[in-house]
Amino acid sequence: MITEPGNRHCTVELQAVPSRIGQVRRIISAQLRHWQLDPLIDQAALGVTELLTNVLRHAEPDKHCTVDVELFPGRLTVSVRDHDPRLPTASEADPFATSGRGLGLIAAVSDTWGVRPRGAGGKDVWFTLTAPGTGVREPERAGSP
């Protein structure tokens, strides 16, 4: 994990294998607690799990990926970068299917989501959540109470 005191950015590099996905969930949860964003833990953990599971199931030629969590005023962004240039597509899962709902879940729990192609170098799949209490404070005006 790469993070610096006072920094609002956390990066985790990993091989997307089942045991590491659980570890990344715990890392993200701990980081959000540190940033006092406890209300976002469940949504962020679900979203990162779905994105990492997509890397595990679909990414080629390898399962190496990078998770970035960034806190901006009013917004948390979580992204997963892999080396597969193929872009994911959200699809309608069969009601009896046991998979195929990942991007639909991300769309349901996040404010926005998307994909940034990186050419032959892969892609970033990301989502954002509203981060309460992280807005930029307005400067006080002279003479204001």
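Helices H1 (residues 18-34) and H2 (residues 41-58) have axes that come within 9 Å and cross at roughly 150 degrees. H1 is therefore roughly antiparallel to H2. Roughly antiparallel means an angle over 145 degrees. H1 passes H2 in a right-handed crossing, meaning that the near helix is turned clockwise from the far one by less than a right angle.

This is a predicted model, in which local features need pLDDT of at least 70, side-chain atom pairs count only at pLDDT 80 or more, and totals for chains, interfaces and linings use all residues. Residues are numbered from 1 along each chain as its sequence is written, and side-chain values use heavy atoms, with hydrogens and water left out.

**The two helix pairs**

On the H1 side, the contact (heavy atoms within 4.5 Å) with H2 is made by Pro 18, Ile 21, Val 24, Arg 25, Ile 28, Ser 29, Leu 32 and Arg 33. H2 contributes Ile 41, Ala 44, Ala 45, Leu 46, Val 48, Thr 49, Leu 52, Thr 53 and Leu 56. By class, the H1 contact with H2 has 12 nonpolar, three polar and two charged residues. Here Ala, Val, Leu, Ile, Met, Phe, Trp, Tyr, Cys and Pro count as nonpolar, Asp, Glu, Lys and Arg as charged, and the others, Gly among them, as polar.

H2 also packs with H3, at an angle of about 155 degrees and with the axes 9 Å apart. H2 is therefore roughly antiparallel to H3. Their crossing is left-handed, with the near helix turned anticlockwise from the far one by less than a right angle. Gln 43, Leu 46, Gly 47, Glu 50, Leu 51 and Asn 54 of H2 meet Gly 102, Leu 103, Leu 105, Ile 106 and Val 109 of H3. This contact of H2 with H3 has six nonpolar, four polar and one charged residues. Leu 46 of H2 is listed in the contact with H1 and in the contact with H3.

Axes are lines fitted to C-alpha atoms, for helices over the stretch in contact, and angles run from 0 to 180 degrees between N-to-C directions.

**The buried side of H3**

In H3 (residues 102-109), Gly 102, Leu 103 and Ile 106 are buried. Buried means under 20% relative accessible area, exposed over 50%, and partly exposed in between, with a 1.4 Å probe and protein chains only. The three cover an arc of only 95 degrees around the axis, which puts them on the same side of H3. The arc is that of the directions from the helix axis to the C-beta atoms. The buried residues of H3 pack against H2, strand S4 (112-117) and strand S5 (123-130).

**Three single residues**

| Residue | Element | Relative accessible area |
|---|---|---|
| Thr 66 | strand S2 | 9%, buried |
| Gln 31 | helix H1 | 7%, buried |
| Gly 104 | helix H3 | 42%, partly exposed |

Thr 66 touches Thr 11, Val 12, Glu 13, Ser 79, Val 80 and Arg 81, not counting residues up to four places away in sequence. Gln 31 and Cys 10 are 21 residues apart in sequence and 7.8 Å apart in space, C-alpha to C-alpha. Gly 104 and Thr 89 are 15 residues apart in sequence and 9.8 Å apart in space, C-alpha to C-alpha.

**The chain as a whole**

The chain has three helices and five strands. From the N terminus on, the elements run β-α-α-β-β-α-β-β. Helices (H or I, at least four residues) and strands (E, at least two) are DSSP runs, numbered from the N terminus. Of the 145 residues, 37% count as buried. Among contacts with a separation of 6 or more, residues 24 or more positions apart account for 60%.

Definitions and conventions:
Parallel < 35°, antiparallel > 145°, perpendicular 65-115°, else oblique.
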